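Visitor: Got a minute to walk me through this one? I'd like to go contact by contact.
Guide: Sure, here it is.

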There are 2 protein chains.
Amino acid sequence: MPRTPRNTLSPELIVETALGLMEAKGTNGFSLRALAGELGVGPMAIYTYFRNKDELYDAVRDHLLATGAPTPGDGPWQDQVRSICGGLRDLMLQHPCLVQLLGGRPLSGQETVGLAEIHLRVLRSAGFGPEDAARAHIALFTYVLGSTSWETQLKAERQDPEGRRRLRATMESLSSADYPTVVELAPELSLTSGGPEQFEYGLDLLLAGLSARLG
Amino acid sequence: MPRTPRNTLSPELIVETALGLMEAKGTNGFSLRALAGELGVGPMAIYTYFRNKDELYDAVRDHLLATGAPTPGDGPWQDQVRSICGGLRDLMLQHPCLVQLLGGRPLSGQETVGLAEIHLRVLRSAGFGPEDAARAHIALFTYVLGSTSWETQLKAERQDPEGRRRLRATMESLSSADYPTVVELAPELSLTSGGPEQFEYGLDLLLAGLSARLG
DNA sequence: ACCTGAACACCGTTCAAGT
DNA sequence: ACCTGAACACCGTTCAAGT
């Protein structure tokens with residue numbers, strides 16, 4: 001076990017190593033002691049840079065949002081919204097821990113401000129009033145958060161062979177007496193499990209509603 | 001410490017006691033050992049009824065969805081969808097742990113089938129085809145999931161005085177050079193933080209999009 | 001079957017100390 | 001300032017045993 005020499009640690013190195021561990025072992029499987037082991041230091045070395053585990057979580061979340069912030073591109077406002085929301089979805093699918101970091105940690109506020117700024121700018125330019133822009137931004141953002149959370153979960157389930165078996169078993173055990181509509185729509189429901197089509201279906205509904213409000 | 005006599009334990013009692021602890025201490029603060037202490041038994045007594053902690057999580061989630069399942073009511077299909085989604089939101093706000101249980105645990109499938117059945121029935125009766133009904137159900141469900149997750153987090157932040165201070169401090173520290181639109185729309189953005197109005201704003205967008213698809 | 005008790009391999013964090 | 005090492009109060013879970 002090579003001990004890392006002094007003064008080689010930094011907040012950035014710690015955050016990036018932590019991110020790697022979270023993606024490898026899942027957010028719940030992550031531990032400060034494992035992180036310290038990976039860095040070649042004692043567990044307490046990390047406390048020089050972060051007050052506790054939660055502060056490190058927040059730093060990882062902010063790091064992801066800062067480096068992977070989506071851009072609006074150009075074109076009509078609908079395409080710009082699609083680009084921002086799609087970019088945010090890509091970021092979350094690429095870093096599943098981000099979903100849990102956004103949904104399961106207190107919000108200092110700072111972290112999502114960058115995203116809000118570009119999103120609100122697009123909506124204001126499109127002609128939405130202050131309140132509509134603010135509400136539309138949150139409606140779109142929470143949709144991305146929820147649909148990505150669901151998609152991530154299904155994806156993880158389908159990667160585990162035991163999980164696939166369980167899902168199939170559940171579907172086959174459904175009695176069409178208790179759940180006639182679910183059984184009837186089973187093929188269509190399987191279409192909805194993840195993928196860009198389902199994501200854009202809901203996004204298009206929101207955009208259609210927004211377009212109607214604008215006119 | 002009164003030891004609970006034998007054969008007084010049951011899956012139901014364990015699940016309900018676990019739910020109480022999760023609501024009191026948060027999902028992350030919950031532990032099997034604390035649960036055993038509350039029940040007046042040794043930690044291993046629980047393993048007679050559940051194979052491990054994850055199975056208990058799933059049981060709590062299924063219990064909440066089974067007992068608190070929302071009903072469509074009657075009226076036009078838009079009102080029925082509003083009733084179902086609003087009921088699901090109420091359930092999640094009342095039991096914040098449900099958000100984390102739905103977003104952070106593998107999906108066996110079974111647990112959300114009851115909800116899917118009533119929701120799909122409403123959408124099919126409204127005239128939506130099989131694929132539209134399936135996709136609309138998931139789009140609406142994931143919107144409820146995301147917006148409730150966000151709302152729960154903000155609520156928790158605002159209940160903690162330290163959290164309120166942090167939120168205010170962040171808002172005041174935003175330079176209008178870096179984030180002009182966010183600073184300008186600060187009053188409107190504060191409107192979006194939770195509450196039924198914001199929830200229904202997004203829900204109405206989705207319903208408007210769906211109505212357009214039907215015609 | 002239902003439950004205990006000791007044990008194992010972990011946690012996050014405090015505290016005093018070393019460089 | 002930067003980091004160590006021992007210690008504390010926890011975890012989930014296994015295993016052998018008791019009723």
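**Salt bridges and DNA contacts**

Guide: Let's start with a pair in chain B. B:Arg61 and B:Asp58 form a salt bridge, with 3.7 Å between the closest N and O atoms. Keep in mind that this is a predicted model.

Visitor: Where do B:Arg61 and B:Asp58 sit?
Guide: Both are in helix H3 of chain B, residues 53–67. They are three residues apart, about one turn of the helix.

Visitor: Buried or exposed, those two?
Guide: B:Arg61 and B:Asp58 are both buried.

Visitor: What about chain A, how are A:Asp58, A:Arg61 and A:Asp62 linked?
Guide: Those three residues are joined in a network of salt bridges.

Visitor: How many salt bridges over all chains?
Guide: The search of the whole structure finds 23.

Visitor: Back to chain B. What do the side chains of B:Arg82 and B:Asp204 do?
Guide: They meet in a salt bridge, 2.4 Å from N to O. B:Arg82 belongs to helix H4 (residues 77–94) and B:Asp204 to helix H11 (residues 196–214), so this pair ties together parts of chain B that are 122 residues apart in sequence.

Visitor: Buried or exposed, B:Arg82?
Guide: In between. B:Arg82 is partly exposed, at a relative accessible area of 30%. Its partner B:Asp204 counts as partly exposed too, at 34% relative accessibility.

Visitor: Which residue does B:Glu151 form a salt bridge with?
Guide: With B:Arg89. The closest N and O atoms are 2.7 Å apart. B:Glu151 lies in helix H7 (residues 130–159) of chain B and B:Arg89 in helix H4, so the bridge ties together parts 62 residues apart in sequence.

Visitor: And are B:Glu151 and B:Arg89 buried or exposed?
Guide: B:Glu151 is buried, and B:Arg89 is as well.

Visitor: Switching to the DNA. Which residues come nearest to strand C?
Guide: There are 19 residues around DNA strand C. The nearest are A:Arg6, A:Arg33, A:Met44, B:Arg6 and B:Gly42.

Visitor: What's the make-up of that surface near strand C?
Guide: Eight nonpolar residues, five polar and six charged.

Visitor: How much of the strand C side of the contact is sugar or phosphate?
Guide: Take the atoms of DNA strand C within 4 Å of the protein: 52% belong to sugar or phosphate. The rest belong to bases.

Visitor: What touches the phosphate oxygens of strand C?
Guide: One case is A:Tyr47, with a polar side-chain atom 2.8 Å from a phosphate oxygen of DNA strand C. A:Lys53 also has a side-chain N or O atom 3.0 Å from a phosphate oxygen of that strand. A:Leu32 uses its backbone: a polar atom there is 2.9 Å from a phosphate oxygen of DNA strand C.

Visitor: OK, now strand D. Which residues come nearest there?
Guide: Of the 19 residues around DNA strand D, the nearest are A:Arg6, A:Gly42, A:Tyr49, B:Arg33 and B:Met44. Of the DNA strand D atoms that come within 4 Å of the protein, sugar and phosphate account for 53%.

Visitor: How does the surface near strand D divide?
Guide: Into eight nonpolar, five polar and six charged residues.

Visitor: What phosphate contacts does strand D have?
Guide: Among them is A:Tyr49, whose side chain puts an N or O atom 2.8 Å from a phosphate oxygen of DNA strand D. The side chain of B:Ser31 has an N or O atom 3.1 Å from a phosphate oxygen of that strand. With B:Lys53, a backbone N or O atom lies 3.0 Å from a phosphate oxygen of DNA strand D.

Visitor: What does UniProt place at residues 31–50 of chain A?
Guide: The feature "DNA-binding region", taken from an unreviewed UniProt entry.

Visitor: How much helix and strand over residues 31–50 of chain A?
Guide: 40% helix and 0% strand. The end C-alpha atoms of that stretch are 14 Å apart.

Visitor: Backbone next. What is phi of A:Asn7?
Guide: Near 60 degrees, a positive value in a residue other than glycine. A:Asn7 is in the segment before helix H1 (11–25) of chain A. A:Asn7 counts as exposed, at 76% relative accessibility.

Visitor: And what is phi of B:Asn7?
Guide: B:Asn7 has a positive phi near 60 degrees. B:Asn7 is found in the segment before helix H1 (11–25) of chain B. At 76% relative accessibility, B:Asn7 is exposed.

Conventions. Residues are numbered from 1 along each chain as its sequence is written. Chains are lettered from A and ligands numbered from 1 in the order in which they are written. This is a predicted model: local features need pLDDT of at least 70, side-chain atom pairs count only at pLDDT 80 or more; totals for chains, interfaces and linings use all residues. Side-chain values use heavy atoms; hydrogens and water are left out. A residue is near a molecule or strand if one of its heavy atoms lies within 4 Å of it. A polar contact is a pair of N or O atoms within 3.5 Å; within protein, one must be able to donate a hydrogen and the other to accept it, and residues adjacent in sequence count only if both atoms are side-chain atoms. Ala, Val, Leu, Ile, Met, Phe, Trp, Tyr, Cys and Pro count as nonpolar, Asp, Glu, Lys and Arg as charged, and the others, Gly among them, as polar. A salt bridge is a side-chain nitrogen of Lys or Arg within 4 Å of a carboxyl oxygen of Asp or Glu. Helices (H or I, at least four residues) and strands (E, at least two) are DSSP runs, numbered from the N terminus. Buried means under 20% relative accessible area, exposed over 50%, partly exposed in between (1.4 Å probe, protein chains only). UniProt positions are given in the numbering used here, feature names are shortened, and annotations may be inferred rather than shown by experiment.
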